[in-house]
Amino acid sequence: MDSAIIRELRKIVGKDAALDRPEELMLYEYDGGQDKSRPGAVVFPETTEHVSSIMRLAQSTKTPVVPRGAGTGLSGGAIASKQAIMLAMARMNKILEIDVENQRAVVQPGVVNLEVSNATAKYGYYYAPDPSSQKACTIGGNVAENSGGPHTLAMGVTVNHITGIEAVLPDGRIVQFGGKAQDSCGLDLTGFFVGSEGTMGIATAITVKLTRLPESVATLLAIYNSIEDAANTVVAITQSGVTPAALEMLDGWMVRCVEENVHAGYPMDAAAVLLIELEGLKESVEEQAEAVSRVCTEQKAREVRRARDEQQRQLLWLGRKTAFGAVGRVAPAYYTQDGVIPRTKVPATLQEIERISKKYGLVIANVFHAGDGNLHPLILFDSRNPKEIEDSHKAGNEIMACCLRFGGSITGEHGVGSEKRQFMTAMFTEDDLEVMVRLRNAFNPESILNPQKMIPDLRYCREITGPLPKPKVEPVSGVPV
Amino acid sequence: MSTATAQSVERELASIVGEQNVGGQAGQLRINGVSPAAVVSPGSADEVAAILQLANSRGLVVAPAGGFTQQDIGAVPQRIDILLSTARMNTIAQYDPGDLTIGINAGMPFAQALEKLAEHQQWLPLDAANLDKATVGGLLATAAAGPLKHAFGGLRDFCIGIHFVTADGKVAKGGGRVVKNVAGYDLMKLMIGSYGSLAVITGANFKVFPRPRQTRTFVSVFASREEALKFRGQILRSPLQPLCLEIISPGALEYLCDPMPPRDADHYAPPQPVAAPSREWQIVLRAAGSDNVLARYRRELGAAVTREHDGESEKQFWRWVSHFESNVLTRHRNAMVMYTRLALKDVGPAIQALERAAAEHNFIPAVLGRAATGSLVLAFIPLVVDPPAATQFSNCMTAFRALLPPGSSAEVAHCPKEAKAYLDTWGPTPTDLALMKAVKQAIDPNNILNRGRFIV
């Protein structure tokens, strides 16, 4: 990176808040996904004005800027090229206001998701969206990705919990969308901005809804001898008229892996388990728990257990939320998918995944938000074996193609980022994508902000003949791209 | 447009959709008094695209239309060259009861979709007014909502995919058919509430919900606004999870009834002279659940509850609440109706602002709405005395907006069209206006869609 730009950056944020030495930049060359690339510089703004000055500098020098929260993203959204400035939001980590009366909190983008709930629990409130990485991921990153989580089944995803955003545009202008009211007059730019993966602007202050903590919670663990029965239960619960707060599935391989890691009491011999949570008024939770247990038993659950106390409940959830980490203990490398399918297609899709697993001789573990039909198959492979690397991607593509065949989506909550950019053409026509580009250009006309993310290169689009083009970037090889 | 040009446009439209789908009731349809030069009913998104390409290349102004229930919202259009009716795109595209998703084409009246969903004990929790006429497309375009917004949010919270045609005739979509999906920009959010100013919505997909098996409505009565709002606070701090939570002002009670023909359409003229107007404020809560759950609600709400509704009387009550606005407007064609979007804490101050502004400008205030989402419907009803002058509306509206707490917005949903020239229908909003205009420019560069009617 041009040393003049670094000097200017240091003038804006101070000497210690801009990094450009290779050993410092190494820490910022990856996120939770597969792609790697070392940025040209990393800068840590502390205020909205810092962000605005940095963007003006970037605009005048035509330097790309890539925002980054905690780097837990799974689609390469925070990967920056060596020409780019990485805008790391770690120092904008203050909760600016907790407004209990209006059931809102105003936070800086670098505030960790779980901290909002921790800070508001004493008033009887929490922040509902709960990505599995919630102990680390930031609200700014959640806004960029429109993050989900297990409890979004009943509560909705990030966009349903954001009412206002202050953002800095690529030209440095500071703008406001919405506020503390649930909505405001005019176009819903708040909703439109959420999930834009850092391609429209940098959120610098975010107004989130606070949700009343439920009076009562019941957590059930339904244990199955067959994964098909578990899948059928998901369909049956969806149709039963009960909407659980969360409905998660782990297959047998995953259950054993998780149990060895956290000792939560998951049965080691199960073919699959469902983790089901019901929330609300005491009376209604009891009734729903009974109804759900009945459905599970009807669908041949071997056993339905209920968490006795908060500690046991937390342990079951710890197992679920650390599932990816648990896999990391036993497998050298894995590749996660984030496809979505209509919920009645859960059984058929699991069969298809099993077929694909056999075809390539790769273990595919399943842990997913069954209630939403949002799959997370983990394809395990040995990163020293080039054939396995290649096969893991072929398997991943086949699973994605299957999701699309069933009328689903390529991503439910991880985002498109750089990872799934090429697959956008399998869901959207060139006209769809052109409309998206025109709208992005209203915010970010020169694509200085997070370039080469989400939207595929349109010229490239036209050359595609098959439904699923091969990814341009080969992940996990360890070679910076 | 001259008559000759209009005729040639009609001929070209006919070549797209067939002669039988051009013209029709053109003579009767008016938007704020402006009648469209041509009316066309396309039967598919491709036909919509062809019509918009034609309009865009000629710079013809297009107004998309559904059930014609809310067309008078917004500023008076300078002209309408083509009224594009979605009436023929009125089918269910796909319905998968097992997946709890439905895809509906824009021209279908919402009540018809609800009927279909009811066959499977499902619903879309939207209870705006006039659902037998209002279409899916129109409801999306106006971000319509009713009392159920309290528990379920607005259409933005359950619309999972949208199909539209841009002003220059590109058939496009956003989202998909699954309940969780972050592929691409959230074009649903952008289109919902865009009042037909960005694109013509041709269809949408929704996640649907199991219909509650049993609901009950609890009415609590208070002597003052302060007491009513205090009770609202208690409910919000309780573990209760109501479906609806409404506040109803004393002035609004008169309009909670089946539609009544106007006695004097120009003035406030109650059926019986009102000697002592009601001073009763109501907080109305609707809950769903088993007998056991409803008993818990009764216990928690305590002695404040004076009436309960269930079955038919409950249905009727909520229909009246949804139709408050149209009931006011049927009785007083000169009434002004505003919608507010407020933070929770600002509901009280906004109602106070209404009372003050109305009193100072010779209107009778009436208000009801979502006590905890800040979406209120405010009616300013002209008094029997002097006929209201056009400027009386704008002065009152200006006074009202000035009294609102910062961060609030309040738009004029209805007022006599003669008064519209004197007032800013949409008013200030916390959201950046320049950027809204840039978004409009990006997909309707020639400003052919609803020109001059919406905020952009």
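**Where chain A meets chain B**

Together, chain A and chain B bury about 6400 Å², and 57% of that lies on carbon and sulfur atoms. On the chain A side, the residues that lose the most area to chain B are Cys185(A), Leu187(A) and Arg438(A), which together account for 13% of what that side buries. Keep in mind as you look around that this is a predicted model. The contact draws on 85 residues from chain A and 70 residues from chain B.

Let's turn to the polar side of this contact. Between chain A and chain B there are 13 salt bridges. One to find on your screen joins the side chains of Asp372(A) and Lys180(B), with N to O at 3.6 Å. The two chains also share 29 residue pairs in polar contact, counting pairs with both residues at pLDDT 80 or more.

Which parts of chain A supply the side that touches chain B? Strand 9 (174–178), helix 7 (189–193), helix 8 (227–240), helix 10 (282–298), helix 15 (424–427) and helix 16 (430–443) each supply at least two residues. Helix 16 of chain A gives the most, with ten residues. Sorted by class, the side of chain A that touches chain B holds 30 nonpolar, 33 polar and 22 charged residues.

Now cross over to chain B and pick out its helix 15, residues 433–443. Here Leu435(B), Met436(B), Val439(B), Lys440(B), Ala442(B) and Ile443(B) are buried. Why do these buried residues line one face of the helix? Looking down the axis of helix 15 of chain B, you would see them fall within an arc of 160 degrees, so they share one face. The general background is that an α-helix has 3.6 residues a turn, so residues three or four places apart point the same way.

The cover over these buried residues comes from both chains: it includes strand 9, helix 7 and helix 16 of chain A, along with strand 7 (159–166) and helix 6 (187–191) of chain B. At the N-terminal end of helix 15 of chain B, Asp432(B) acts as a cap, with a side-chain oxygen 3.5 Å from the backbone nitrogen of Ala434(B).

For a last stop, go back to chain A and find Ile162(A) in strand 8, residues 162–168. Is Ile162(A) buried or exposed? Its relative accessibility is 3%, so Ile162(A) counts as buried. Leaving aside residues up to four places away in sequence, Ile162(A) touches Tyr127(A), Val143(A), Thr190(A), Val194(A), Ile206(A), Thr207(A) and Val208(A), and also Arg156(B) from chain B.

Terms used. Residues are numbered from 1 along each chain as its sequence is written. Chains are lettered from A and ligands numbered from 1 in the order in which they are written. Side-chain values use heavy atoms; hydrogens and water are left out. Contact means heavy atoms within 4.5 Å. Buried area is the accessible area (1.4 Å probe) that two parts lose on being put together, summed over both. A salt bridge is a side-chain nitrogen of Lys or Arg within 4 Å of a carboxyl oxygen of Asp or Glu. A polar contact is a pair of N or O atoms within 3.5 Å; within protein, one must be able to donate a hydrogen and the other to accept it, and residues adjacent in sequence count only if both atoms are side-chain atoms. Helices (H or I, at least four residues) and strands (E, at least two) are DSSP runs, numbered from the N terminus. Ala, Val, Leu, Ile, Met, Phe, Trp, Tyr, Cys and Pro count as nonpolar, Asp, Glu, Lys and Arg as charged, and the others, Gly among them, as polar. Buried means under 20% relative accessible area, exposed over 50%, partly exposed in between (1.4 Å probe, protein chains only). The arc is that of the directions from the helix axis to the C-beta atoms.
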